[in-house]
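Q: I would like to learn how to read a few features of a protein model. Can we take them one at a time?

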Amino acid sequence: MPAAAHSASAPHESPVTQGTFRRAVVVGGNRIPFARTGGAYTKSSNQDMLTAALDGLIARFGLQEERIGEVAAGAVLKHSRDFNLTREAVLGSALSAETPAYDLQQACATGLETVLGLANKIKLGQIDSAIAGGVDSASDAPIAVSEGLREVLLDLNRAKSLPERLKVLSRLRPKDLAPDAPNTGEPRTGLSMGEHQALTTAQWKISREAQDEIAFNSHHNLAAAYERGFFDDLVTPYRGLSRDSNLRPDTSMEKLATLKPVFGKSLGAEATMTAGNSTPLTDGASTVLLGTEEWADARGLPKLAVVVDGEAAAVDFVHGKDGLLMAPAFAVPRLLARNGLSFEDIDFFEIHEAFAGTVLSTLAAWEDEEFGRTRLGLDGAFGKIDRAKLNVNGSSLAAGHPFAATGGRIVASLAKMLHDNGPVDGRPARGLISICAAGGQGVVAILEAYSAPEGR
Amino acid sequence: MTDKYTQFVSHGIGKDLAKKLGLPQPAVLRRYKAGEPLVPGPVLVLGSGNGRTAGSDELAAALVGWGLDVRRSALPKEKLGAIILVLDAVEHPEELAGPVLTAAPSLRDLAPGARVVTISRTSASAANPAVAAGRQGVDGLLRSLAKELRAGATANGVLLGDGAGTTSPSTLGALRFFLSGRAAFVDGQFLTVTSGAGQLPADADKPLAGKVAVVTGAARGIGAAIARTLHRDGARLVVVDIPAAGDHLAAVANEVHGTALQLDITSEDAGKRIIDHAVERHGGLDIVIHNAGITRDKLLANMDEGRWNSVIGVNIASQLRINEALLGSDQLNKTPRIVSVASTSGIAGNRGQTNYAASKGGVIGMVRATAPLLAERGGSINAVAPGFIETDMTARIPFATREVARRLNSLQQGGLPGDVAEAIAFLASDAAAGITGEVLRVCGQNLVGA
């Protein structure tokens, strides 16, 4: 039965949820302000930005010359020369040069996956400290030569004599000289992410107004958070920017309503996705500092939150079974079931706003009886979240979305929110993170405010 | 880095040219470098009367203990590193003649970057007019002598209050500071020692070892120099600046192996957040340097509310609020030390700076009134008033005005941010515990002001 693959109703006891392992604590984070592509960071490479984000983190927590257990980060748009991007950034930072590092890439879930992978290593006792992160530049994106030119160049290198070389060169055609620019299109469908989401948005009958409202809230919540100093210990300025350049504190529903649709135009009147309710291409980097309780205590560092658990899912969007960005709709129910939780137990929902339509389609799926029964294997709808708990300090529509940097942005901000919130009904505050990714993937996670274990 | 003119006239063709044209010939100052001798030659110690007094004998013995080459009378043609006039026993202006005229011929034998230091008693502590006249005479004498010295030599004085003697820890601390390259841009100034409190550091190159220090406005300029100097002297640092300066702040924090705290010091809870950060991350708080400051210059006739209030808010109101939190906290370590950055503008005034001068005058008043409050817990508070310092801020002054401003002092050059930092580092050390409520000018004896 196909639905069984996504079944959320089969609880099993996991060592992770049973507290058998050490706890992985979020100490804090640092990111540079996110900049719209072609803006302040046009001349900055991924390595520049990741190094800057690392150095800000090191300065905030006094980690100069510290040997961190492991650093993991990644970029979605990555130059081939950056094969050791994270390690190179570490070498350029104030950390000890003896800090190992590795690159990871899982499209837009990269940042969150680095957090989960490193948290697991901490829980297992392999490392005591870690820095997770991500960076992306759509400004300084790699441009490849065409397949034709690439083949000629490789053959040229192998050719031994002048006549052989000339023969190889003669194969070159003018069209081969056109560069091969990167795009966010799905290789198997040829559709861009926006076009894919436009189909999903229409399928779930998400209104233009509902999408604009998500965008409006994102900008106003993010602006308010900046105003009250929420980001003072989460963001370090870079290249003259001290706030995300995409942020429009004065945007209004009226202004958003004037924008023309940019995706799903073939849908005609049903086209609802505009530049206002879709995230723009963005440059930026983020980092998160993780450690054991003992490691943090020994350095007098804060313990904001605990990484409880994470889950990845993927959907078959190629054959149109589900929308490209709908994987979190399956990952979240599985994750909550494994942890014996429901939406009632979550105090903060951080649902990445790739598009306002993505957030709303996901919520609609969870509220849908049919989807709950046939796709999640439940008795009815999975549940409805309290919108007052959704992206309360803004999300990607306002901040922007440098693909691999988004996970780190959300984890650090949510950890601080959970810490600042204090206990809820006598238990630590709890937050859920949901990030959709290219390739029909999604990664989700639960964070909980740190509380000292009993007996301490 | 000394300015380009000073470099040009220091050697070769530039030196000859400046001499022939009668142009100012500023010297390259002798600044502190770890491992270099305290003074560039033997030290001549002269007391009043016949040159030997109890105070001068004790002091000379202490200097021998530091490993200095001490003379009680000058040898012909020997280049001296310093002359110390111990005048604590002077009870009449006529008694100045002995030591002063004995020292006079030796002034020609001073090595470049040499020091003259007087040690005398405060006139305020004398009830007898003749005694007061003798003591106050030292003030005029010293300030004039400072203007006569050349080749980067300076003259400064230590004043002893009732509670201090010639070998009190802070007398020796202040003397050591004035003799050293740390006081390169301090000239014609006095420091008053009022008690026998304090102790000299176990390691003279690490006088702040084990201390936790907070520096506000540390992202650049003088604040960054203060952070570097305190780090060099052994302190653990919390560097503070507004969030918008966070990138520069992070670079400074990483350089000095400290922690960066992005914070608007005018916020209500700034004091608490500073204390919490220092205690949680570094286990305590010993030293706070109030350096953050802004200028919003306008003639008073053109002044608006925004310019006036922002300068008062950042430069003095924030310090008052933070000090209140410090004084009310039970989390500070013993013997807390506060040093504020004032300005010669706050002493002598400056055209276009009524708001700035009011704020910096305010700092001086605040420091004096806070001293007794801190004394209860063995702490001290002082201010340093920089004169013309070569920073990004002064680099924006128009060329001609800047050139005049930087030459109008006895050393004929602007100071460096590090010169201000050295004075602050000294006042933040336990060797300066007997000095409180004072304002030390770091201005190369600027011609304007006190």
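**From one residue to the chain interface**

A: Start with a single residue in this predicted model. Val45(B) lies in strand β1 of chain B, which covers residues 43-47.

Q: Is Val45(B) buried or exposed?

A: The general idea is to count neighbouring C-beta atoms around a residue; 20 or more within 10 Å means buried. Val45(B) has 27 other C-beta atoms within 10 Å, so it is buried.

Q: Which residues does Val45(B) touch, leaving out those up to four places away in sequence?

A: Its contacts are Ser56(B), Leu59(B), Ala60(B), Leu63(B), Val70(B), Arg72(B), Ile84(B) and Val86(B). Take Leu59(B) as a case: 14 residues in sequence separate Val45(B) and Leu59(B), and their C-alpha atoms are 8.3 Å apart in space.

Q: How many residues of helix α6(B) are buried?

A: The same count can be made along a whole element. Of the 11 residues of α6(B), 11 are buried, and the helix is mostly covered. The buried residues include Leu172(B), Arg176(B) and Phe177(B).

Q: What do the buried residues of α6(B) pack against?

A: Their partners in chain B are α3 (54-65), β3 (80-86), β4 (110-121), β5 (154-160), β6 and α15.

Q: Where do the domains of chain B begin and end?

A: According to the domain assignment, domain 1 of chain B spans 34-193 and domain 2 spans 212-442. Taken over C-alpha atoms, the centres of these two domains of chain B are 29 Å apart.

Q: How many residues of each domain of chain B are in contact with the other?

A: In chain B, 21 residues of domain 1 contact 16 residues of domain 2. On the domain 1 side, the elements giving two or more residues are α5 (129-148), α6 (169-179) and β6 (190-193) of chain B. Among these, α6(B) gives the most, with 5 residues. By class, the domain 1 side of this contact in chain B has 11 nonpolar, 7 polar and 3 charged residues.

Q: How do I read the packing of two helices, and at what angle do α7(B) and α15(B) cross?

A: Look at the distance between the axes, the angle and the hand of the crossing. In chain B, the axes of α7 (residues 221-232) and α15 (residues 417-427) come within 8 Å and cross at roughly 50°. That angle makes α7(B) oblique to α15(B). The crossing of α7(B) past α15(B) is right-handed.

Q: Which residues of α7(B) and α15(B) meet?

A: One general point helps in reading such a list. An α-helix has 3.6 residues a turn, so residues three or four places apart point the same way. From α7(B), the residues are Gly221(B), Ile222(B), Ala225(B), Ile226(B), Thr229(B) and Leu230(B); they meet Pro417(B), Gly418(B), Val420(B), Ala421(B), Glu422(B), Ile424(B) and Ala425(B) of α15(B). The contact of α7(B) with α15(B) holds 9 nonpolar residues, 3 polar and 1 charged.

Q: How many residues of chain B are in contact with chain A?

A: There are two sides to list. Chain B gives 18 residues, in contact with 16 residues of chain A. On the side of chain B, the elements with two or more residues are α8 (246-255), β9 (259-262) and α9 (270-282). The largest share of that side, 6 residues, comes from α8(B). Sorted by class, the side of chain B that touches chain A has 7 nonpolar, 8 polar and 3 charged residues.

Q: At what angle does α1 of chain A pack with α8(B)?

A: Helix α1 of chain A (residues 46-61) and α8(B) pack at about 65°, with their axes 8 Å apart. Here α1(A) passes α8(B) in a left-handed crossing. Asp55(A), Gly56(A), Ile58(A) and Ala59(A) of α1(A) meet Gly246(B), Leu249(B), Ala250(B), Ala253(B) and Asn254(B) of α8(B). The residues of this contact between α1(A) and α8(B) comprise 5 nonpolar, 3 polar and 1 charged.

Q: Where is Glu65(A) found?

A: A last feature to read is the backbone angle phi. Glu65(A) sits in the loop between α1 and β3 (70-73) of chain A. Its phi is near 65°, a positive value in a residue other than glycine. Glu65(A) is partly exposed, with 13 other C-beta atoms within 10 Å.

Key: Residues are numbered from 1 along each chain as its sequence is written. Chains are lettered from A and ligands numbered from 1 in the order in which they are written. This is a predicted model: local features need pLDDT of at least 70, side-chain atom pairs count only at pLDDT 80 or more; totals for chains, interfaces and linings use all residues. Axes are lines fitted to C-alpha atoms, for helices over the stretch in contact, and angles run from 0 to 180 degrees between N-to-C directions. Helices (H or I, at least four residues) and strands (E, at least two) are DSSP runs, numbered from the N terminus. Angles under 35 degrees count as roughly parallel, over 145 as roughly antiparallel, 65 to 115 as roughly perpendicular and the rest as oblique. A crossing is left-handed if the near helix is turned anticlockwise from the far one by less than a right angle, and right-handed if clockwise. Two residues are in contact if their C-beta atoms, placed from the backbone, lie within 7 Å. Ala, Val, Leu, Ile, Met, Phe, Trp, Tyr, Cys and Pro count as nonpolar, Asp, Glu, Lys and Arg as charged, and the others, Gly among them, as polar. Domain bounds come from an automatic or database domain assignment. A residue is buried if 20 or more other C-beta atoms lie within 10 Å of its own, exposed if 12 or fewer, and partly exposed in between; C-beta atoms are placed from the backbone.
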